[in-house]
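The following exercises concern the fold, the packing and selected residues of one protein model. Please work through each task before reading its solution.

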Amino acid sequence: MIFSNFAFVVYESIYSRNNTIGFIGLGQMGFKMANNIYRKSGAPFVLYDINATVIDKFIELQQATSSSLAKIHIANTPKEVAQAASVVITMLPNSPHVEKVYLGEEGLVHAVDKDTFLIDSSTIDPSVAKSVAEALIAKGARAIDAPVSGGVVGAEAATLTFMVGASTNEDFDRAKPILSQMGKNIVHCGKIGSGQIAKMCNNMLLAISMIGVSETMNLGIKLGMDPKLLANILNTSSGRCWSSDTYNPVPGILPNVPSSNEYKGGFATKLMAKDLRLAVNAANDTQTTILLGTLAQQLYNQLSKTPGFEDKDFKTKITVFEALCLYNFIFIQQKAPSNHALNSKDRFHPSENNKYDHKRKSLKLTGVG
């Protein structure tokens, strides 16, 4: 990897591997998490990311805001991180990334030992979390899954919730003081993989509620309500939720959230679509009905494949409305005759025993790639 000529401090052998922390994955969430634990722990640090620019940015930030830096080493591979650090934290986009970083040719698994403790905070398939942890444990290391909730705001403020899957209480107890430097609520959900189950369920609910808040705010605005007044009413009434009072999708309602920054710097729609696919797959495997979860997955999947919006925050308001309209149109049309556009009298009305009921019952809702 090639980096700019910043005068960053380089890892020195006088620092023990046992008090060194490794961090892999400096995306929107990982960057802020790494910044918190680096500053609070005071421990020597080992970084790895395939994007050299974010490494430079991290080092620039430390140089600009701190006069007494702990040592920082830039690794060229995940394996090098495990060689230099006894505690390794990863924050990666999806299951294939996790498998490559942990189990690939230059993966962490090739340098772990009995002193290595690994924490994966990525949101991935629970089965992948289990298989990766088993491979690490077979090498003598200890590993947990600890996905997070709280968004970029929580990551920056170190108020995240960590949902921990750990095979023993000892592993959880070892992880808690580490995670407490990046979050506020550290919850032991059960065995390895259970943290991913909790996160999957949480993100499905979050996606559904964000669509609901977006529709609600849009309706009120279209009817002439002042958006700030409407948000204040919702947030002191029974409709209140995190999507309305902490991460409102309407620009100008809240400061320091992506909607007030052109939907930049938040949780990308493509990642929400990925999380919803995990939920849909789990529902199919367990034969569990998730109608709203499936609708949300299809909406975000379409949105994430729209050029220009794949990296926008998942609550991109205007495009959520457009996607909803598009999806509702497709939902009604796909069972109608191919050359017949439904007019207003043909559309489905819940209060009527109308002629499209049988079509709705036969329509199988499945996740889309």
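**Exercise 1. Determine how many helices and strands the protein has, and describe its overall burial and contacts.**

Solution. In this predicted model, the protein has 14 helices and nine strands. Of its 369 residues, 49% count as buried. The exposed surface amounts to about 17,700 Å², of which carbon and sulfur atoms supply 54%. Among contacts with a separation of 6 or more, 70% join residues 24 or more positions apart.

**Exercise 2. Identify the largest nonpolar core and the helix that gives the most to it.**

Solution. The largest nonpolar core has 59 residues. Those with the most contacts inside it are Phe23, Met33, Phe45, Phe162 and Tyr300. Helix H11 gives the most to this core, with seven residues. Apart from it lies another core, of 27 residues, including Ala75, Val101, Tyr102 and Ile124. Taking Phe23 as an example, and leaving aside neighbours within four places in sequence, one finds contacts with, among others, Met33, Phe45, Val81 and Met182.

**Exercise 3. Characterise helix H11: its span, its buried residues and its packing partners.**

Solution. Begin with the geometry. H11 covers residues 269-286, and its 18 residues reach 26 Å from the first C-alpha to the last, close to the 26 Å expected at 1.5 Å a residue. Next, list the buried positions: Thr269, Met272, Ala273, Lys274, Asp275, Leu276, Leu278, Ala279, Val280 and Ala283. In general, an α-helix has 3.6 residues a turn, so residues three or four places apart point the same way. The buried residues of H11 pack against helix H8 (194-222) and helix H12 (291-304). Finally, consider the end of the helix: just after H11, glutamine 287 takes a positive phi of about 55°.

**Exercise 4. Is asparagine 235 buried or exposed, and what does it contact?**

Solution. Asparagine 235 lies in the loop between helix H9 (227-234) and helix H10 (242-245). Its relative accessible area is 19%, and the limit for burial is under 20%, so asparagine 235 counts as buried. Beyond neighbours within four places in sequence, asparagine 235 is in contact with Arg240, Ser244 and Asp245. A polar atom of the asparagine 235 side chain lies 3.4 Å from the backbone nitrogen of aspartate 245.

**Exercise 5. State how many disulfides the structure has, and classify cysteines 189 and 241 by accessibility.**

Solution. A search of the whole structure finds zero disulfides. Cysteine 189 has a relative accessibility of 31% and counts as partly exposed. Cysteine 241, at 22%, is also partly exposed.

Note on methods
Residues are numbered from 1 along each chain as its sequence is written. This is a predicted model: local features need pLDDT of at least 70, side-chain atom pairs count only at pLDDT 80 or more; totals for chains, interfaces and linings use all residues. Side-chain values use heavy atoms; hydrogens and water are left out. Helices (H or I, at least four residues) and strands (E, at least two) are DSSP runs, numbered from the N terminus. The expected span of a helix is 1.5 Å times one less than its number of residues. Buried means under 20% relative accessible area, exposed over 50%, partly exposed in between (1.4 Å probe, protein chains only). Contact means heavy atoms within 4.5 Å. Accessible areas come from the Shrake-Rupley method with a 1.4 Å probe; for residues, only the protein chains shown count as cover. A polar contact is a pair of N or O atoms within 3.5 Å; within protein, one must be able to donate a hydrogen and the other to accept it, and residues adjacent in sequence count only if both atoms are side-chain atoms. A disulfide is a pair of cysteine sulfur atoms within 2.5 Å. A nonpolar core is a set of buried Ala, Val, Leu, Ile, Met, Phe, Trp, Tyr and Cys residues joined through side-chain atoms within 4.5 Å.
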